[in-house]
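This report describes selected side-chain features of a protein chain for a reader new to structural work. Please keep the sequence and the structure in view while reading.

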Amino acid sequence: MNENQLAKIVFETGLKIHKTLGAGLPKASYLECLEYELNQEGLKVEKEKKLSLIYEELELDAAYSIDLLVEDKLVILIKSAKQFENEDISQMLALLDRSSCKLGLLITFNVNKFKNGIKRIINGELEE
């Protein structure tokens with residue numbers, strides 16, 4: 001399964017969660033539900049996947065954290081804000097670079113329409 005197929009499943013799953021729970025719950029609630037639903041789809045999902053950072057001779061074991069890593073191909077970050085900030089995009093770009101993944105999804109459930117709460121970042125560029 002490629003990244004776009006995975007992203008479609010995540011979108012459909014996120015939409016189901018948003019329709020069921022609505023907006024305004026803590027990030028952790030949505031994270032748990034999304035992990036559960038993706039596991040129900042039979043996908044390999046790693047929650048709060050830690051990535052190390054090596055700088056010269058210094059190694060930081062858990063410098064970065066991915067909310068959900070799906071099939072070792074898709075990075076998902078869940079935010080609780082109503083809109084994404086530049087820092088969120090920078091964080092995703094760093095995670096994509098460190099994880100060698102091609103596609104990332106920034107997701108917030110704190111919106112009226114779920115489609116307005118998801119941003120795709122591909123190969124280091126934000127898709128509008």
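## Aromatic side chains

Y30 and F109 are both buried. The model in which they appear is a predicted one. Their ring centres lie 4.3 Å apart and their planes are at 5 degrees, so the pair is stacked, since planes under 30 degrees apart fall in that class. This pair links distant parts of the chain: Y30 belongs to helix α2 (residues 27-40), whereas F109 sits in the loop between β4 and β5, and the two are 79 residues apart.

How many aromatic pairs does the structure hold? The number is 3. Another of them joins F11 and F114, whose ring centres are 5.4 Å apart with planes at 45 degrees, so this pair is tilted. F11 is part of helix α1 (residues 3-21) and F114 is part of the loop between β4 (103-108) and β5 (118-122), so the contact ties together parts of the chain that are 103 residues apart in sequence. With a relative accessible area of 2%, F114 is buried. F11, by contrast, counts as partly exposed because its relative accessibility is 29%, and the range for that class begins at 20%. F11, Y30, F109 and F114 together make up one aromatic cluster.

## Charged side chains

Side chains of opposite charge can pair when their charged atoms come close. In the whole structure, a search finds 10 salt bridges. Three of them are listed in the table below, among the total of 10.

| Salt bridge | N to O distance | Relative accessible area |
|---|---|---|
| K47 and E35 | 3.6 Å | K47 31%, E35 16% |
| K49 and E46 | 3.4 Å | K49 27%, E46 23% |
| D88 and K79 | 3.6 Å | D88 10%, K79 18% |

The bridge between K47 and E35 links distant parts of the chain, for K47 is in strand β1 and E35 is in helix α2, 12 residues apart. Its two members differ in exposure: K47 is partly exposed, whereas E35 is buried. In the bridge between K49 and E46, K49 is partly exposed, and E46 is partly exposed as well. Where D88 meets K79, the description changes: D88 counts as buried because its relative accessibility is 10%, and K79 is buried at 18%. Both values are under the 20% limit for a buried residue.

Which residues are linked in a network of salt bridges? The network consists of K44, E46, K49 and D72. The bridge between K49 and E46, with its closest N and O atoms 3.4 Å apart, involves two of these residues.

## Backbone angles with a positive sign

Two residues other than glycine are described here for their positive phi angles. E48 has a phi near 50 degrees, and E48 lies in strand β1. The relative accessibility of E48 is 42%, so E48 counts as partly exposed. E71 has a positive phi of about 55 degrees, although E71 is not a glycine. Its place is the loop between β2 (58-70) and β3 (74-79). E71 is also partly exposed, with a relative accessible area of 29%.

## A surface patch and a serine in a helix

Is Y55 buried or exposed? At 54% relative accessibility, Y55 counts as exposed, because the limit for that class is over 50%. Y55 is located in strand β1 (residues 45-55). Together with L58 and L60, Y55 forms a nonpolar patch on the surface. The accessible area of these three residues together is about 310 Å².

S99 belongs to helix α3, which covers residues 86-99. Which backbone oxygen does the side chain of S99 reach? That atom belongs to L95, and the distance is 2.7 Å. Apart from neighbours within four places in sequence, S99 is in contact with L51, I66 and V75.

## Summary

The aromatic cluster of F11, Y30, F109 and F114 includes a stacked pair, Y30 and F109, and a tilted pair, F11 and F114. Among the charged residues, K44, E46, K49 and D72 form a network of salt bridges. On the surface, Y55, L58 and L60 form a nonpolar patch.

Key:
Residues are numbered from 1 along each chain as its sequence is written. This is a predicted model: local features need pLDDT of at least 70, side-chain atom pairs count only at pLDDT 80 or more; totals for chains, interfaces and linings use all residues. Side-chain values use heavy atoms; hydrogens and water are left out. Patches are made of residues with over 30% relative accessible area and no salt bridge: like charges are joined within 9 Å, nonpolar side chains (Val, Leu, Ile, Met, Phe, Trp, Tyr) within 5 Å. Accessible areas come from the Shrake-Rupley method with a 1.4 Å probe; for residues, only the protein chains shown count as cover. A salt bridge is a side-chain nitrogen of Lys or Arg within 4 Å of a carboxyl oxygen of Asp or Glu. Helices (H or I, at least four residues) and strands (E, at least two) are DSSP runs, numbered from the N terminus. Buried means under 20% relative accessible area, exposed over 50%, partly exposed in between (1.4 Å probe, protein chains only). A polar contact is a pair of N or O atoms within 3.5 Å; within protein, one must be able to donate a hydrogen and the other to accept it, and residues adjacent in sequence count only if both atoms are side-chain atoms. Contact means heavy atoms within 4.5 Å. Rings of Phe, Tyr and Trp (its six-membered ring) pair if their centres lie within 6.5 Å; planes under 30 degrees apart count as stacked, over 60 as edge-to-face and the rest as tilted.
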